[in-house]
Amino acid sequence: MNDIWTLSEQHEGRLKDVSFELLARGRALADEVGCKLCAVILGNKCTEAELSKLFHHGADIVYYVEDPCLGDVVCETYANVLAYLISEYKPQVLLSAATTTGRSLLPYLAVRIKTGLTADCTELAIEKGTGNLLQTRPAIGGNIMATIKTPNHRPQMATVRPKSCRALAKDEKRTGELVHITWNPAWYDKRVQVLSTREEIGNEVSLEEADIVVAGGRGLKKRDNFHLVDELASCLGGQVGASRDAVDRGWKSYPHQVGLSGKTISPKLYIGIGISGAVQHLAGIKTAECIVAINNDENANLLQVADFAIVGDLFAIIPELLRRLGTQDREK
Ligand code: FAD
C-alpha cells in the first residue's frame, strides 16, 4: 500500500505548528489503511533535532530537501521538487495545510501532475471498500458539507483547515527514517525570486494564534454593550471574537467572526458570552482546550459542550467578573 504524505511547513528552519496538526490527520488515515505516514519538508537549515519533532508527532519517514533557495516558498520551484518526489515515491495521498503556502502551492502542483485537489477540508476519512480519501469541506457559503473524492488519479490531494484538529501528544521516544533528498539545481525556477520579505506589523486580529478568546453574541443586545467583551478580553490578555449574528449586526468586524464561515480557532481558553452555540459556531471552536459559556438559557447548546457553564444574566456576571479580576468598578 502506497504511503500517505503530509507537507510540513517551516520558517527559517523552525517547523510551524500546523505541520504537527497535519500529522495527526495523516496518522489516523495511515493507521486505517495500514500504510506509512511520511512528512515531506522543503527548506533550508533545518537541524536533525528539529526534523525529529516530525517523528515525535507521528511521522514514520521524513523526506527532507535542503537548499538555500528553498528557504522561502516559491510555488514554481517547490512544485518542481514535489512533482519529482511524487513521481519517484508515488504516495496515495498528499495533505497540506490550508495556509497561504498550501493554498497557493497545491493548486499549482495539482495542475502540474494532473490530479484532483480539495481545498480547505474540515474532515477526512477513508471510504470503506475502495480506500478512496473522502474529503469533506463546507460549500455554497457553508450551507452544505460536500464530500469529494478523487477515484481516478493519484495522489489524492487536499488542503486541511488549520486548527481543525489537534496535534498528537509529543512522544520523544518515537523515531523514524530520515531521508535526505539530494537537491537538483534543475528544480530551481529562476523566473521567480524572492528579493526581500517584510514582516507585517499591525493591529489586525489574530484569533487563530490567540491563547485566550472572549467572544460575544446577540445576547449582548446592542453594539454599545460589546465593551463588556472587549474589557474582559483585554483584562485576560486575550483576543475578541464574535458570533456571525453579532458581526452581521455590525457590532464587530468580520475578522472577529468565529465559526464555519469565520475563523477556526484553537485557544487554551474560549469564553462565549450571550452566544447560543449554533452548529456553525461550534465548528469554529471544537479544538478549544477549555470552553466557558455564559448564557441565561440553561438549554443553550454552548452550555452543553462547555467545560464550565455559567447560567445567568451576562449583564450581572461580566461586571462582577471584571470587578473580581481587579479592574475598576464597572457596574452599569
Ligand atoms: P443567538 O442564537 O440569538 O443566541 C443569543 C444567545 O444569547 C441565546 O442563547 C440567549 O439565551 C443568550 N442571551 C440573551 N440574553 C442574555 C443575557 N442577558 N445574558 C446571557 N445570555 C443571554 N454563526 C457563527 O457564529 N459563526 C459562523 O461562522 C456562522 N456561519 C454560518 C454559516 C451559514 C451558512 C449559516 C446558515 C449560519 C452561520 N452562522 C454562523 C449562524 C448561526 O447559525 C447562528 O445564527 C449564530 O451563530 C447565532 O449567533 P448568536 O449565538 O450570537 O445568537
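Student: What is the area buried between domain 1 and domain 2, and what percentage of that area do carbon and sulfur atoms give?

Tutor: The size of an interface is often given as the accessible area lost when the parts come together. In this predicted model, about 860 Å² is buried between domain 1 and domain 2, and carbon and sulfur atoms give 49% of that area. In domain 1, the residues that lose the most area to domain 2 are R161, K163 and R166, which together account for 64% of what that side buries.

Student: Where do the two domains lie in the sequence, and how many residues does each bring to the contact?

Tutor: The domain assignment gives domain 1 as 4-187 and domain 2 as 207-331. Their centres, taken over C-alpha atoms, are separated by 33 Å. Domain 1 supplies 9 residues to the contact, and domain 2 supplies 12 residues.

Student: How should the packing of helix α3 and helix α4 be read?

Tutor: Two packed helices are described by the angle between their axes and the distance between the axes. Here, α3 (residues 75-89) packs on α4 (residues 100-113) at an angle of about 50°, and the axes are 9 Å apart. The two helices are therefore oblique to each other, and their crossing is right-handed. From α3, the contact involves C75, E76, Y78, A79, N80, L82, A83 and I86, while α4 contributes S104, L105, Y108, L109, R112 and I113. By class, these are 10 nonpolar, 2 polar and 2 charged residues.

Student: Are α5 and α9 roughly parallel or roughly antiparallel to each other, and why?

Tutor: The axes of α5 (residues 227-236) and α9 (residues 314-324) come within 10 Å and cross at roughly 30°. Because angles under 35 degrees count as roughly parallel, α5 and α9 are described as roughly parallel to each other. Their crossing is left-handed. On the α5 side, L228, E231, L232 and C235 meet L314, F315, I318, P319, L321 and L322 of α9. This contact has 9 nonpolar residues, no polar residues and 1 charged residue.

Student: Which peptide bond is cis, and which residue other than glycine has a positive phi?

Tutor: Most residues other than glycine have a negative phi, and most peptide bonds are trans. In this model, the peptide bond from R154 to P155 is cis, with omega near 0°. P155 is placed in the loop between β10 (144-148) and β11 (156-160). As for the backbone angle, K45 has a positive phi, near 60°. K45 lies in the loop between β4 (37-43) and α2 (48-56).

Technical notes
Residues are numbered from 1 along each chain as its sequence is written. This is a predicted model: local features need pLDDT of at least 70, side-chain atom pairs count only at pLDDT 80 or more; totals for chains, interfaces and linings use all residues. Side-chain values use heavy atoms; hydrogens and water are left out. Axes are lines fitted to C-alpha atoms, for helices over the stretch in contact, and angles run from 0 to 180 degrees between N-to-C directions. Helices (H or I, at least four residues) and strands (E, at least two) are DSSP runs, numbered from the N terminus. Angles under 35 degrees count as roughly parallel, over 145 as roughly antiparallel, 65 to 115 as roughly perpendicular and the rest as oblique. A crossing is left-handed if the near helix is turned anticlockwise from the far one by less than a right angle, and right-handed if clockwise. Contact means heavy atoms within 4.5 Å. Ala, Val, Leu, Ile, Met, Phe, Trp, Tyr, Cys and Pro count as nonpolar, Asp, Glu, Lys and Arg as charged, and the others, Gly among them, as polar. Domain bounds come from an automatic or database domain assignment. Buried area is the accessible area (1.4 Å probe) that two parts lose on being put together, summed over both.
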